[in-house]
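Biologist: Please give me a close look at one strand. I want its partners, its burial and its setting in the whole model.

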Amino acid sequence: MARYGFVFNVERCNGCYACFLACKDEYTDSCHRPTCAATTEGVNLIKVSEVEYGTGSKVKVDYVHTICQQCANPPCMAKYPDQIYKRPDGIVIIDPEKAKGNKEMLKACPYGAIVWNEKANLPQKCTMCAHMLDAGEKVTRCSEVCPNQALLFGDLDDPNSEISKYVKEHKDELVKLKPEYGTEPAHYYRHLPAPFVAGEVVCGDTDECCKGAKVTLTCEECGSVFTTETDFLGDFEIRRLPVNKTFKLVIKADGYKTKELSVRTMAAVNLGEIFLEKA
Ligand code: SF4
Ligand code: SF4
């Protein structure tokens, strides 16, 4: 038996919303009972959230999918065992007959993945296109249309599936959404928004951009080391840093005194201009 899941590669998503529109096309006014009743306008089973972070000229935008995580330990099902069930392939289904009228169910999902269909008087959520899988399809509508391979879907228990190979290859970079909830989500995320440290190094004696300066960031708590060099504009940027850590930043350039700064990664940090003193 398969066990289905997604890998969402945030770095590959450009926010085109093709997945969102394909989902709307598949479900709006189209009934797929017993796994999902028809949705209506304004009922979105996929949410693509725009996340903006950084300051000044160093601002980044990422797009993060927040949909039902098909939890192995789903609190929604624990709360409403008579209205929600889990299939052997891991897909969690809200029974469209038994859940009718239960708007309270929206509060049972810590991810906010259950939405309310006012017209049908029904709580609804992503079913990973269970009706298509049951008909022999190997993909969901959203993963099928993504032009950037940002949504990888498949059988996590099949060692030969593309998704299993991907998970094996990138296991150190993959995370689950809010693992602290203890829900054991099926889906993985890669490159979720994370703090970065950026700045612009300037030669103090000439006010010129300092190209090729060596920048080293060392975490004072975990010992991790990140390195880069400034570009022709004197700019540097070190991405995907751990949250809430203190780093020592060291900048070295030939003919200049070494510069040291302390940086805390509470959020993305733009240090602006950093002037080096002539040695
Ligand atoms: S993400 Fe929410 S709706 Fe989906 S299985 Fe987990 S608790 Fe239930
Ligand atoms: S279709 Fe792909 S690139 Fe477009 S929003 Fe969805 S995941 Fe992102």
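Modeller: First, residue classes: Ala, Val, Leu, Ile, Met, Phe, Trp, Tyr, Cys and Pro are nonpolar, Asp, Glu, Lys and Arg charged, and the others, including Gly, polar. This is a predicted model: local features need pLDDT of at least 70, side-chain atom pairs need 80 or more, and totals for chains, interfaces and linings use all residues. Numbering starts from 1 along each chain as its sequence is written, while chains are lettered from A and ligands numbered from 1 in the order written.

Ligand shells next. Ligand 2 has 14 residues around it (C-beta, placed from the backbone, within 6 Å). C13, C16, A18, C19 and C146 come nearest. The shell divides into 11 nonpolar, 3 polar and no charged residues. Ligand 1 also has 14 residues around it, and C68, C71, P74, C76 and C109 come nearest. Its shell has 10 nonpolar, 3 polar and 1 charged.

Now the strand I chose, β1. Strand β1 covers residues 4-9 (strands are DSSP E runs of at least two residues, helices H or I runs of at least four, numbered from the N terminus). β1 sits in an open sheet of 4 strands, ordered β8-β1-β10-β9, with mixed pairing (at least two DSSP bridges per pair). The edges are β8 (151-155) and β9 (174-175), each pairing on one side only.

On one flank, β1 and β8 run antiparallel, with 5 bridges between them. F6 has F153 as its bridge partner in β8. The pairing of β1 with β10 is parallel, over 3 bridges. There, V7 is matched with Y188. Beyond that, β9 and β10 (residues 188-190) are antiparallel and share 2 bridges. L174 faces R190 in that pair.

Helix α5 (residues 162-169) packs on this sheet and touches β1, β8, β9 and β10. Its direction makes about 110° with that of β8 (lines fitted to C-alpha atoms, for the helix over the stretch in contact; N-to-C angles from 0 to 180 degrees).

What about burial? β1 is largely enclosed by the rest of the structure, because 6 of its 6 residues are buried (20 or more other C-beta atoms within 10 Å; exposed is 12 or fewer, partly exposed in between; C-beta atoms placed from the backbone). Side chains alternate between the two faces of the sheet in a regular strand. Here Y4, F6 and F8 point one way, and G5, V7 and N9 the other.

Take V7 as the close-up. V7 counts as buried because 22 C-beta neighbours lie inside 10 Å. Beyond four places in sequence, V7 is in contact (C-beta atoms, placed from the backbone, within 7 Å) with L152, I163, Y166, V167, L174, Y188 and R190. C142 is 135 residues from V7 in sequence, yet 12 Å from it in space, C-alpha to C-alpha.

Finally, the wider setting. An automatic or database assignment gives domain 1 (4-190) and domain 2 (197-276). Their C-alpha centres are 38 Å apart. Contact involves 5 residues of domain 1 and 5 of domain 2. Strand β2 (residues 47-55) gives the most to the domain 1 side, with 3 residues. That side divides into 1 nonpolar, 3 polar and 1 charged.

Another open sheet has 3 strands in the order β14-β11-β17, again with mixed pairing. β14 (235-238) and β17 (269-276) are its edges. Twist averages 20° from one strand to the next. β11 (residues 197-203) pairs antiparallel with β14 over 4 bridges, and A198 stands opposite E237.

Conventions. Two residues are in contact if their C-beta atoms, placed from the backbone, lie within 7 Å.
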